[in-house]
Amino acid sequence: MTSSAWAAQTLADQETGTAFEHLIGSLRGLQDSVTSTRPPAEVALAIAAELRAVAHRLDEFGVGEADQLAGAQMDYPGRSQACVPVLDHTAQSADEVRGTLQLSRFHLGRNGAAHGGVIPLVFDEIFGRLAGTDRPRCRTAFLHVDYREITPIGRRLDFTGRVERVDGRKIFVTGSLADGDAVVAEADALFVVLREGQP
Ligand SMILES: CCCCCCCCCC(=O)SCCNC(=O)CCNC(=O)[C@H](O)C(C)(C)COP(=O)(O)OP(=O)(O)OC[C@H]1O[C@@H](n2cnc3c(N)ncnc32)[C@H](O)[C@@H]1OP(=O)(O)O
């Protein structure tokens with residue numbers, strides 16, 4: 001086992017990896033169920049106890065970052081993690097990506113609009129994967145978002161990302177998020193290729 005998160009992840013065999021993806025899918029569903037329901041006190045307390053028991057059961061299998069499956073299973077659209085909304089890439093090269101995603105009640109801000117913080121989260125994921133495709137490890141140096149219209153939940157959204165320019169270690173990226181013909185958000189970002197030893 002290694003302590004470097006940049007080192008190769010220890011991936012799972014197919015059965016374990018698929019089972020873990022099911023677990024994450026259930027967790028995403030749970031996040032939505034909790035967000036979109038209003039259980040009576042005794043039900044909320046009973047479920048809270050059940051969830052603590054589930055967490056306790058998982059604790060037995062704790063691993064370090066280099067061995068965790070969450071976020072490391074790149075074959076699944078959501079990388080088997082429940083933080084970032086699931087991205088379904090329909091086209092991908094080292095310079096351009098397109099795809100779809102759907103935000104859910106878990107991502108709701110207020111009055112039907114997605115939480116404003118979810119949008120840069122989505123762009124960072126789109127851009128981070130793009131900037132890192134066929135390139136060395138890099139990190140977001142800045143990420144600028146223009147919110148053009150509210151971003152709805154529960155609808156298919158289309159995303160784009162494009163590498164506009166590469167200047168030495170600097171990778172400049174732009175992209176958009178659209179609801180049908182309406183562009184709801186645009187973003188541009190700088191990714192910087194890491195130097196040896198940078199975390
Ligand atoms: C595997 C699955 C993929 C999953 C996708 C998810 C992707 C998620 C990506 C992330 O979110 S990473 C986490 C968020 N980002 C960070 O935590 C980065 C924190 N910042 C840093 O580590 C450093 O600031 C950074 C590595 C970005 C740059 O530091 P360096 O010391 O290596 O760079 P330096 O200061 O030498 O700058 C290099 C060039 O970039 C330019 N630069 C750096 N930061 C800038 C900035 N903020 N604005 C404009 N320019 C900037 C800088 O001016 C310079 O330009 P020149 O070469 O032309 O002189």
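## Close-up views of a predicted model

**View 1. Ala82 and its neighbours.** With 20 C-beta neighbours inside 10 Å, Ala82 counts as buried, and it takes 20 or more to earn that label. This is a predicted model, so keep that in mind for each view here. Ala82 sits in the loop between helix 2 and strand 1. Who does Ala82 touch, leaving aside its neighbours within four places in sequence? The contacts are Ile24, Leu27, Arg28 and Gln31. Take Ile24: it is 58 residues from Ala82 along the chain, yet the two C-alpha atoms are separated by 6.4 Å.

**View 2. The whole chain, for orientation.** Let's step back for a moment. The chain has three helices and eight strands, and reading along the sequence gives the pattern α-α-β-β-β-β-α-β-β-β-β. Its C-alpha atoms fill a box of roughly 60 × 45 × 25 Å along the principal axes. There are 199 residues in the chain, and 19% of them count as buried. Look at contacts between residues at least 6 apart in sequence: 64% of these join residues at least 24 apart.

**View 3. Helix 2, out in the open.** Helix 2 covers residues 41-59. How many of its 19 residues are buried? The count is zero, so this helix is hardly covered. From first C-alpha to last, helix 2 reaches 27 Å, close to the 27 Å expected at 1.5 Å a residue.

**View 4. The six-stranded sheet.** Here is an open sheet of six strands, in the order 1-2-6-7-8-5, with antiparallel pairing. Which strands stand at the edges? They are strand 1 (88-92) and strand 5 (138-147); each has a single partner strand, so one side of each is left without a neighbour in the sheet. From one strand to the next, the twist averages 20°. Helix 3 (residues 118-131) packs on this sheet and touches strand 2, strand 5, strand 6, strand 7 and strand 8. The direction of helix 3 makes about 135° with that of strand 5.

**View 5. Strand pairs, bridge by bridge.** Start at the edge, where strand 1 and strand 2 (residues 96-102) run antiparallel and are joined by four bridges. Asp88 stands opposite Thr100 of strand 2. Moving on, strand 2 pairs with strand 6 over seven bridges, again in the antiparallel sense, and Gly99 has Phe159 in strand 6 as its bridge partner. Strand 6 and strand 7 are also antiparallel, with nine bridges between them. There, Arg165 has Phe172 in strand 7 as its bridge partner. The hairpin of strand 6 and strand 7 has two residues between the strands, and Gly168 takes a positive phi near 65° in this hairpin.

**View 6. Helix 3 and its buried residues.** Helix 3 has 14 residues and spans 20 Å from its first C-alpha to its last, close to the 20 Å expected at 1.5 Å a residue. Which residues of helix 3 are buried? They are Ile119, Val122, Phe123, Glu125, Ile126, Phe127, Leu130 and Ala131. These buried residues pack against strand 2, strand 4 (113-114), strand 5, strand 6, strand 7 and strand 8.

**View 7. The largest nonpolar core.** In soluble globular proteins, nonpolar side chains tend to be buried together. In this model, the largest nonpolar core has 24 residues. The residues with the most contacts inside it are Phe123, Ile126, Phe127, Leu130, Ala131, Val173 and Leu177. Strand 2, helix 3, strand 6, strand 7 and strand 8 are the elements that give two or more residues to the core. Helix 3 gives the most, with seven residues. Zoom in on Phe127: not counting residues up to four places away in sequence, Phe127 touches Gly161, Val173, Gly175, Ala189 and Phe191.

**View 8. Gly117, just before helix 3.** Gly117 lies in the loop between strand 4 and helix 3. Is Gly117 buried or exposed? Gly117 has 11 other C-beta atoms within 10 Å, so it is exposed; the limit for that label is 12 or fewer. Compare its position with Leu51: the two residues are 66 apart along the chain, and their C-alpha atoms are separated by 26 Å.

**View 9. An annotated stretch.** An unreviewed UniProt entry carries the annotation "domain: Thioesterase" for residues 111-181. Over these residues the chain is 20% helix and 48% strand. The end C-alpha atoms of the stretch are 22 Å apart.

Definitions and conventions. Residues numbered from 1 in each chain as written. Predicted model: local features only at pLDDT ≥ 70, side-chain atom pairs only at ≥ 80, totals over all residues. Pairing = 2+ DSSP bridges. Axes fitted to C-alpha atoms, helices over the stretch in contact; angles between N-to-C directions. Contact = placed C-beta atoms within 7 Å. Expected span 1.5 Å × (residues − 1). UniProt positions renumbered as here; feature names shortened; annotations may be inferred. Core = buried A, V, L, I, M, F, W, Y, C linked by C-beta atoms within 7 Å.
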